[in-house]
Amino acid sequence: MPPPRILTGQVLCFTRSPFQGDPAGSAHLDEAVLIENGHVTRTGPLADLRTAAPDARIERYDNHLISPGFIDAHAHYPQTGIIASWGKRLRDWLETYTFPEEMRLADPAYAHRIANRYLDLTLANGTTTVATFCTSHAHSADAFFEAAQSRNLRAVAGKTCMDRNAPAALLDTAQSAYDDSAALIARWHGTGRLTYAITPRFSPTSTPDQLSALGALWAEHPTCLMQTHLSEQAEEIDWVRSLFPSARDYFDTYEAHGLLGSRGLYGHAIHLTARERARLAETGAALIHCPTSNTFIGSGLFDMAARLEDGHRIGLATDTGGGSSFSMLRTMAAAYEIGQLSGNALHPAQLWWLATAGSADALHLSDRIGTIAPGMEADLVAINLASTPAIAQRAARAEDLWQAVFPTIMMADDRAIAQIWVTGTPQS
């Protein structure tokens with residue numbers, strides 16, 4: 001473990017969800033944070049922390065915001081190379097860009113190269129935890145987990161399962177999806193900082209037999225997460241209806257096969273019926289908001305305010321490569337813009353919470369990451385709130401913390417990321 005460190009700056013400490021009560025009062029700033037044995041052990045005045053740990057190394061970021069590392073709750077690392085590809089909606093995107101690129105990951109060396117490239121890009125943007133789909137090749141999950149483990153990252157991933165409506169080179173079967181996933185669970189789930197997510201891509205690419213097999217696997221391994229897609233586009237919903245004519249709705253295609261639970265992660269979830277909303281809220285499953293993807297592929301506007309009123313757990317995600325940025329700052333900005341279009345301007349505290357504590361909660365990791373508090377793992381990022389002249393001149397007029405943070409949310413890029421710590425170890 002690295003030696004004790006004291007980081008000084010504006011240490012952001014959430015005390016509650018900013019969606020409960022006045023958002024501005026949901027967090028406070030401490031002067032410093034003490035890191036020992038990879039964990040936060042104390043926050044408070046610098047003098048108090050120096051007394052508590054006289055041998056600690058002091059690192060000064062006095063004009064920066066020290067925040068929990070960002071947490072991306074839904075991504076596709078195999079699509080790293082095709083991010084920002086032009087002009088397609090969901091099914092065309094899959095057929096034109098995604099499937100051809102995922103076939104390239106049949107080469108284990110290429111899978112390792114893309115996994116490492118992806119984590120280099122996300123870390124550079126201040127993201128310290130990601131939940132990602134892999135490809136249908138089991139070794140693509142091995143590649144990602146190995147890359148995450150070499151960086152000591154907390155990470156979530158799973159082999160994508162598909163046995164229809166995709167190129168033959170990417171298809172598995174109900175049995176091989178079960179067997180491959182079970183072997184990956186045995187190899188990786190709970191190893192170090194890694195979590196396995198059982199991963200049917202979405203109902204159109206899985207037969208009922210495969211969905212049932214994965215539901216049975218989840219029942220056997222209930223501490224795993226389960227990640228998939230739900231109600232992303234209107235055309236997709238029509239497609240599901242044609243494939244599952246007896247289903248009550250899209251969500252029923254998962255529910256009927258055991259793929260419903262509090263540890264379920266449902267990406268997009270834009271066009272939900274009343275029954276789907278009620279059932280998801282009742283179960284405590286997480287809806288994962290993917291704002292840059294929803295606009296880039298033309299899927300629709302996720303109604304954050306309505307889903308919160310329904311009582312849903314919500315995470316925030318880039319959904320790269322359908323999402324158009326690796327940055328959770330850009331993702332927060334897109335969530336704000338979609339909120340405006342939906343009649344609900346999200347407060348900067350709410351946006352920041354969604355990208356940290358909110359996504360940690362969605363991934364059932366809120367007891368380990370997502371906030372700066374004693375006992376939490378020290379995955380942290382120092383944010384320069386004046387990283388460009390345009391941001392600096394606007395932040396200089398700020399009258400409080402959140403006015404100073406908001407220009408960075410709306411205009412910053414990786415230049416705002418001054419330093420990253422993973423379990424207290426600085427990342428170069």
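Let me start with a definition: two strands pair if DSSP finds at least two bridges between them. Keep that in mind, because this talk begins with strands that meet that rule, in what is a predicted model.

Good morning, everyone, and thanks for coming. The strand to look at is β7, residues 154-158. It has a partner in strand β9, residues 194-200, with three bridges in the parallel sense. Within that pairing, V156 stands opposite T195 of β9. β7 also pairs with strand β6, residues 127-133, again in the parallel sense, and here there are five bridges. If you want a residue pair to click on, F133 has G158 in β7 as its bridge partner. To get from β6 to β7 the chain passes through helix α4, residues 138-150, and this β-α-β crossover is right-handed.

So, is β7 buried or exposed? Five of its five residues are buried, so the strand is largely enclosed by the rest of the structure. Remember that in a regular strand the side chains alternate between the two faces of the sheet. In β7 both faces are covered: R154, V156 and G158 are buried on one side, and A155 and A157 are buried on the other.

Now please scroll back to the start of the chain, to strand β1, residues 5-14. Nine of its 10 residues are buried, leaving the strand mostly covered. β1 pairs with two strands that I'd like to show you. With strand β2, residues 27-36, it runs antiparallel, and eight bridges join them; L7 has V33 in β2 as its bridge partner. With strand β4, residues 57-68, the pairing is parallel, over six bridges, and R5 finds its bridge partner in R57 of β4.

Next, the aromatic rings. How many aromatic pairs are there? The count comes to 17. One of them is F70 with W352, an edge-to-face pair at 5.4 Å centre to centre, with 65 degrees between the planes. F70 is in strand β5, residues 70-76, while W352 is in helix α13, residues 348-362, so the pair ties together parts that are 282 residues apart in sequence. And both rings belong to buried residues: the relative accessible area of F70 is 0%, and W352 is buried at 0% as well.

There is also a cluster worth colouring in your viewer: ring pairs link Y77, Y118, F144, F145, W188, Y196 and F326. While we are on rings, have a look at W239, where R91 lies over the face at 3.6 Å from the ring centre.

Let's turn to empty space. Rolling a probe the size of a water molecule over the atoms shows where empty space is left. In this model there are three cavities of 30 Å³ or more. The largest has a volume of about 140 Å³. Which residues lie nearest its centre? Of the 13 residues that line this cavity, they are H76, L90, L94, H229 and E232. Helix α2, residues 90-104, gives the most to the lining, with three residues.

A quick stop at D238, which sits in helix α7, residues 234-243. D238 is partly exposed, at 45% relative accessibility. Its C-alpha atom is 9.1 Å from that of Y250, a residue 12 positions away along the chain.

Last topic: backbone geometry. Most residues other than glycine have a negative phi, and most peptide bonds are trans. Here are some exceptions for you to check. T320 and G321 are joined by a cis peptide bond, with omega about -5 degrees, and G321 belongs to the loop between β13 and α12.

Then there is A269, with a positive phi near 50 degrees. A269 lies in the loop between β11 and α9, and it is buried at a relative accessible area of 1%. T423 also has a positive phi, about 45 degrees, although it is not a glycine. You will find T423 in the loop between β15 and β16. T423 counts as buried because its relative accessible area is 9%, and buried means under 20%.

That is my tour, and I'm happy to take questions.

Notes
Residues are numbered from 1 along each chain as its sequence is written. This is a predicted model: local features need pLDDT of at least 70, side-chain atom pairs count only at pLDDT 80 or more; totals for chains, interfaces and linings use all residues. Side-chain values use heavy atoms; hydrogens and water are left out. Buried means under 20% relative accessible area, exposed over 50%, partly exposed in between (1.4 Å probe, protein chains only). Helices (H or I, at least four residues) and strands (E, at least two) are DSSP runs, numbered from the N terminus. A crossover is right-handed if, with the strands pointing away from the viewer, the path from the first strand over the helix to the second runs clockwise. Rings of Phe, Tyr and Trp (its six-membered ring) pair if their centres lie within 6.5 Å; planes under 30 degrees apart count as stacked, over 60 as edge-to-face and the rest as tilted. A charge sits over a ring if NZ of Lys or CZ of Arg is within 6 Å of the ring centre and within 35 degrees of the ring normal. On a 1 Å grid over the protein atoms alone, a cavity is a set of points where a 1.4 Å probe fits but cannot get out, and a pocket is an open set with protein on both sides within 12 Å along at least five of seven lines; lining residues have an atom within 4 Å of a point. Grid points are joined across faces, edges and corners, and a volume is the space filled by probe spheres set on the points.
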